[in-house]
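Subject: The structure I promised you

Hi,

Here is the structure we talked about. Have a look at it first, then read my notes below.

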Amino acid sequence: MGIANLSYEECRRKRVEENKKRMDALNLPLLSQALIDSSPSKSKSSPSKQAKHREMKKQLVVVRRSSRVAKQPGPVYAEVLVNRVAIPKRFSSARDYPDHFFASDEARKNAFERAERLQSVLEPNYPNFIKSMVRSHVSGCFWLGLPSHFCKEHLPTNDGVMTLMDEGGDEYPIIYLARKTGFSGGWKGFSVAHKLADGDAVIFQLIKPTTCKVYIFRVGDSKEDSDSDSS
């Protein structure tokens, strides 16, 4: 019976048997089993892929020090108290002006002119300048900037404490900032204590290296001062 007369299943079975005979002749089943036996188990991972756990050991070591330093006693750290400048607060009630008060140009000019009249008769050996007050000087941040040329020529070159002396002889410590050429801490206390307001003219006369005598000309006192000046 030829191959053409065989059914499909018989042909397939016959080819499988022939292929098996060829594999047996070449010992392929034995070689395949040998390869399977020699291969590592699937459950075991490759040594190259296994994570290496590094153990960190803590040890106390001796730090190298020079023989000169090693013989000296170790440093002692202790809290050190630093003296800070304390500005005493001497506030009093402010003048009866509303928060939105602004001096008129005429009132500001009048106060400044009265200050100039006194400035003209002050001792020339003691340098001075006039400062017209604005809102930032007497409210809010209470920062008083000074003329830079006056600071460079007459005031200390480093930050420190200065003293303001009013006409009654009372003294007020003020923080002077040399790089910013102005009065900071303590100026608010002086301003409030003397009820300074927008438009007031203030003379600062340097009577000592760190002391200024202060003369105040108020915008609300112009008529009274004018009458006294004319008498």
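How many helices and strands does the protein have? There are eight helices and seven strands; both are DSSP runs numbered from the N terminus, with at least four residues for a helix (H or I) and at least two for a strand (E).

Before you dig in: this is a predicted model, where local features need pLDDT of at least 70 and side-chain atom pairs count only at pLDDT 80 or more, while totals for chains, interfaces and linings use all residues. Residues are numbered from 1 along each chain as its sequence is written, and side-chain values use heavy atoms, with hydrogens and water left out.

**The inside**

Of the 231 residues, 27% count as buried (under 20% relative accessible area; exposed is over 50%, partly exposed in between, with a 1.4 Å probe and protein chains only). The largest nonpolar core has 26 residues. By nonpolar core I mean buried Ala, Val, Leu, Ile, Met, Phe, Trp, Tyr and Cys residues joined through side-chain atoms within 4.5 Å. Leu 164, Phe 183, Trp 187 and Phe 204 have the most contacts inside this core. Among the elements that give it two or more residues are helix H6 (148–154), strand S3 (160–165) and helix H7 (187–193). A second, separate core of ten residues includes Ile 130, Ile 203, Tyr 215 and Phe 217.

Try clicking on Leu 164: beyond its neighbours within four places in sequence, its contacts (heavy atoms within 4.5 Å) include Phe 183, Trp 187, Phe 204 and Val 214.

**Salt bridges**

A search of the whole structure finds four salt bridges, each a side-chain nitrogen of Lys or Arg within 4 Å of a carboxyl oxygen of Asp or Glu. In helix H1 (residues 8–25), Arg 12 and Glu 9 are three residues apart, so about one helical turn separates them; their closest N and O atoms are 3.5 Å apart. Glu 17 and Arg 13 also pair up, at 3.4 Å from N to O, and they sit four residues apart in H1.

Arg 218 bridges to Asp 200, with the closest N and O atoms 4.0 Å apart. This pair links distant parts of the chain, 18 residues apart. Is each partner buried or partly exposed? Arg 218 is partly exposed at 21%, whereas Asp 200 is buried at 0%.

**One oddity**

Phe 142, in the loop between helix H5 (135–138) and strand S2 (144–145), has a phi near 50°, a positive value in a residue other than glycine. Phe 142 counts as buried, at 12% relative accessibility.

Cheers
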